[in-house]
Amino acid sequence: MNQRENESLVVGIAGGTGSGKTTLAYALQKQLGDEHSVIISQDAYYKDRSDSLIEDRMHVNYDHPDALELSLLAEHLRALKSGKIIMVPVYDFPSHTRKHDGVLTASRSVIIVEGILLFAEPLVREACDIKVFVETADDIRFVRRLLRDIAERGRTAESVAEQYLNTVRPMHKQFVENGAKVADLVVDGEAHLEEGVETVMRVIRSRGLDFP
Ligand SMILES: Nc1ncnc2c1ncn2[C@@H]1O[C@H](COP(=O)(O)OP(=O)(O)OP(=O)(O)O)[C@@H](O)[C@H]1O
Ligand SMILES: [Mg+2]
């Protein structure tokens with residue numbers, strides 16, 4: 001058994017916006033079972049902006065690592081790894097604030113963490129035992145994000161396009177795409193989901209965890 005006994009395995013899933021990280025994370029959890037896995041989303045760790053003016057909150061670069069409390073995320077991953085219970089922050093996107101104390105989250109054998117910037121921050125990168133990068137062409141990612149933000153987040157096409165060009169795209173080039181180079185495996189975000197799940201499952205099994 002390669003993985004240290006009694007320690008959870010942290011599987012980090014990074015990749016650009018719209019690459020398919022959340023989709024892969026949930027499919028992986030379905031395969032592993034709720035009793036054996038838990039998903040932690042990087043987005044829960046956005047910094048609380050209660051202290052800044054509403055108009056200033058809208059101009060923050062939310063695609064830059066500094067917008068997130070990644071040190072807290074790394075601390076939480078280490079705690080979960082050693083079996084501790086953590087309090088995951090609850091972030092309210094419309095107001096850019098943390099809502100209340102958070103959600104008590106217990107450890108599981110496999111901790112799945114997903115987010116665009118996981119491998120850009122050394123503390124978080126090092127906390128990931130298996131680093132997965134979901135690679136999907138830029139045009140496909142943009143179309144997926146455009147459709148999602150209009151359908152689910154009440155955004156206009158103009159505002160999604162403006163944000164994409166101003167921050168999403170440059171930050172992707174600066175902080176996200178390099179993740180593929182440091183990853184242990186790259187999953188094709190345009191291929192059938194089952195393929196990606198099986199690729200990650202193979203690596204999980206190779207670390208001594210007994211999953212079908
Ligand atoms: N392997 C795949 N094949 C086809 N469509 C996919 C695949 N993976 C994800 N999708 C679709 O792409 C869209 C974006 O996926 P998802 O929300 O998982 O991306 P994400 O990487 O989590 O993006 P974000 O970082 O913006 O949250 C969704 O509509 C999802 O159904
Ligand atoms: Mg997502």
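Reader: Which residue follows α1, and what is the sign of its phi?
Author: Gly33 follows α1, and its phi is positive, near 95 degrees. Helices are DSSP runs of H or I with at least four residues, strands are runs of E with at least two, and both are numbered from the N terminus. This is a predicted model, in which local features need pLDDT of at least 70, side-chain atom pairs count only at pLDDT 80 or more, and totals for chains, interfaces and linings use all residues. Residues are numbered from 1 along each chain as its sequence is written, while chains are lettered from A and ligands numbered from 1 in the order in which they are written.

Reader: Which residues of α1 are buried?
Author: They are Lys21, Leu24, Ala25, Leu28 and Leu32. Buried means that 20 or more other C-beta atoms, placed from the backbone, lie within 10 Å of the residue's own; 12 or fewer would make it exposed, and anything in between partly exposed.

Reader: And where do they lie around the axis of α1?
Author: The buried residues of α1 fall within an arc of 100 degrees, so they line one face of the helix. The arc is taken over the directions from the helix axis to the C-beta atoms.

Reader: What do they pack against?
Author: They pack against β1, β2, β7, β8, β9 (185-188) and α8 (193-206). Contact here requires C-beta atoms, placed from the backbone, within 7 Å.

Reader: Turning to ligand 1, how many residues surround it?
Author: Ligand 1 is surrounded by 16 residues, and the closest are Thr17, Gly20, Lys21, Thr22 and Thr23. A residue counts as near if its C-beta atom, placed from the backbone, lies within 6 Å.

Reader: Which elements give two or more residues to that shell?
Author: Those are α1 (21-32) and α5 (138-153).

Reader: On to β1: how many of its residues are buried?
Author: Seven of the seven residues in β1 (residues 9-15) are buried, so the strand is largely enclosed by the rest of the structure. Leu9, Val11, Ile13 and Gly15 point one way, with Val10, Gly12 and Ala14 pointing the other way.

Reader: Which strands pair with β1?
Author: β1 pairs in the parallel sense with β7 (residues 110-114) over five bridges, and also in the parallel sense with β8 (residues 130-135) over five bridges. Pairing requires at least two DSSP bridges between the strands. Gly12 has Val113 of β7 as its bridge partner, and Gly15 stands opposite Val134 in β8.

Notes:
Two residues are in contact if their C-beta atoms, placed from the backbone, lie within 7 Å.
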